[in-house]
Every structure is written in C-alpha cells, then in structure tokens.
Amino acid sequence: FAAHPLHAGGEDELLTLDNAEDYVRLMSEHILQSGVAAQLDAFRAGFCKVFPMDRLSIFTPEEALLMLCGEQDPNWTRDELMTYTSTKHGYTHDSNAFLDLVEVLIEMETDERKAFLQFATGCPTL
C-alpha cells in the first residue's frame with residue numbers, strides 16, 4: 001500500500017502514536033471501500049447483466065441467497081438418497097456397498113457433508 005497515499009501528503013508522513021488511529025481508519029476505508037470500488041462496480045455491472053436487480057427484488061434476501069449460493073447446511077434423508085441417486089457399473093440400490101454408502105452419508109455431520117459434497121462435486125453446497 002506504500003504506492004497509494006491514504007490522504008494528501010500521506011506518503012511523507014511518519015506513522016506515530018498520535019496519528020495511528022487516523023491511519024487505521026484510513027487504511028480500513030481503503031481496504032474495504034475505495035480500494036476495491038472499481039472491482040465491486042465491475043462485478044455489480046456483470047451481475048446485473050445476468051440477474052437484473054429489478055427481477056431479483058421479488059425474492060426475499062434468504063431466497064436470493066439460497067438460489068445464488070445453494071443450501072449452506074446440506075441435509076438429506078435415507079429416502080432422498082435412495083430416490084435421487086443413480087447406481088451404475090453393476091451396483092444397484094440393493095447392493096451392500098451402495099446401502100453402506102447411504103448409511104455413512106446419513107450419519108455425517110454438517111461439516112462432513114460439506115466436505116463430501118466438495119470432494120464429489122467440487123462444490124460444498126447443494
């Protein structure tokens with residue numbers, strides 16, 4: 001950040017206990033706001049081309065989050081796993097190996113489910 005003065009003449013100013021609070025405030029503003037404003041504006045413009053904000057306004061924030069980020073707490077039941085999984089390569093829904101996998105998946109905690117989804121699909125959410 002040395003190449004970006006936080007205020008006029010800031011590059012020539014020494015950091016001292018007297019100006020440390022101002023430095024932290026200015027640095028925080030730069031890191032979280034002005035320093036990323038161009039990137040945020042570009043992201044917002046691109047996002048709005050795909051999902052116009054006036055069309056997203058019909059959804060609650062929770063619904064929009066679910067649509068864009070997926071289920072953050074993946075949960076499944078034995079019936080769902082049996083219904084929505086396909087068996088291949090000689091395995092059937094009655095195969096012991098498949099049934100063992102279903103039992104292991106049911107017993108997983110949330111973090112383990114996310115790790116399994118990350119491994120199997122490349123994404124930790126549904």
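# A chat about a seven-helix model

Biologist: Is Gln118 buried, exposed or partly exposed?

Modeller: Gln118 is partly exposed, because its relative accessible area of 39% lies between the limits of 20% for buried and 50% for exposed. Please keep in mind as we talk that this is a predicted model.

Biologist: Where is Gln118 found, and what does it touch, not counting residues up to four places away in sequence?

Modeller: Gln118 is found in helix 7, and, when residues up to four places away in sequence are not counted, it touches Cys123 and Pro124.

Biologist: What about Leu117, buried or exposed?

Modeller: Leu117, which is also a residue of helix 7, is buried, because its relative accessible area of 7% is under the 20% limit.

Biologist: Which residues does Leu117 touch, leaving aside neighbours within four places in sequence?

Modeller: With those neighbours left aside, Leu117 is in contact with Pro74, Trp76, Gly122, Cys123, Pro124, Thr125 and Leu126. If you take Pro74 from that list, you will find that it is 43 residues from Leu117 in sequence, while their C-alpha atoms are 8.9 Å apart in space.

Biologist: Which residues make up the largest nonpolar core?

Modeller: That core has 7 residues, namely Trp76, Leu81, Phe98, Val102, Leu105, Met108 and Leu117, and the helix that gives the most to it is helix 6, with 3 residues.

Biologist: Back to helix 7: how does its span agree with its number of residues?

Modeller: Helix 7 runs over residues 110–121, and its 12 residues, at 1.5 Å a residue, should span 16 Å, which agrees with the 16 Å between its end C-alpha atoms. Just after this helix comes Gly122, which takes a positive phi of about 85 degrees.

Biologist: Which residue other than glycine has a positive phi, near 55 degrees?

Modeller: That is His89, whose phi is near 55 degrees. For background, most residues other than glycine have a negative phi. His89 lies in the loop between helix 5 and helix 6, and it counts as exposed because its relative accessible area of 79% is over the 50% limit.

Biologist: Thr85 is in the loop between helix 5 and helix 6 too, so what is it in contact with, leaving aside neighbours within four places?

Modeller: Thr85 is in contact with His93 and Phe98 once those neighbours are left aside. Thr85 and Phe98 are 13 residues apart in sequence, and the distance between their C-alpha atoms is 10.0 Å. The side chain of Thr85 also reaches the backbone oxygen of Leu81, at 2.4 Å, and Thr85 as a whole is partly exposed, with a relative accessible area of 27%.

Biologist: Changing topic, how many helices and strands are there in the protein?

Modeller: There are 7 helices and 0 strands. The radius of gyration is 25 Å, well over the 14 Å that the globule rule gives for 126 residues, so the protein is more spread out than a compact globule. Along its principal axes, the C-alpha trace spans about 75 × 40 × 25 Å.

Biologist: And what share of the residues is buried?

Modeller: Buried residues make up 16% of the 126 residues. As for the surface, the protein exposes about 10,000 Å², of which carbon and sulfur atoms supply 59%.

How values were computed:
Residues are numbered from 1 along each chain as its sequence is written. This is a predicted model: local features need pLDDT of at least 70, side-chain atom pairs count only at pLDDT 80 or more; totals for chains, interfaces and linings use all residues. Side-chain values use heavy atoms; hydrogens and water are left out. Buried means under 20% relative accessible area, exposed over 50%, partly exposed in between (1.4 Å probe, protein chains only). Contact means heavy atoms within 4.5 Å. A polar contact is a pair of N or O atoms within 3.5 Å; within protein, one must be able to donate a hydrogen and the other to accept it, and residues adjacent in sequence count only if both atoms are side-chain atoms. Helices (H or I, at least four residues) and strands (E, at least two) are DSSP runs, numbered from the N terminus. The expected span of a helix is 1.5 Å times one less than its number of residues. A nonpolar core is a set of buried Ala, Val, Leu, Ile, Met, Phe, Trp, Tyr and Cys residues joined through side-chain atoms within 4.5 Å. The radius of gyration is taken over C-alpha atoms; the globule rule is 2.2 Å times the number of residues to the power 0.38. Accessible areas come from the Shrake-Rupley method with a 1.4 Å probe; for residues, only the protein chains shown count as cover.
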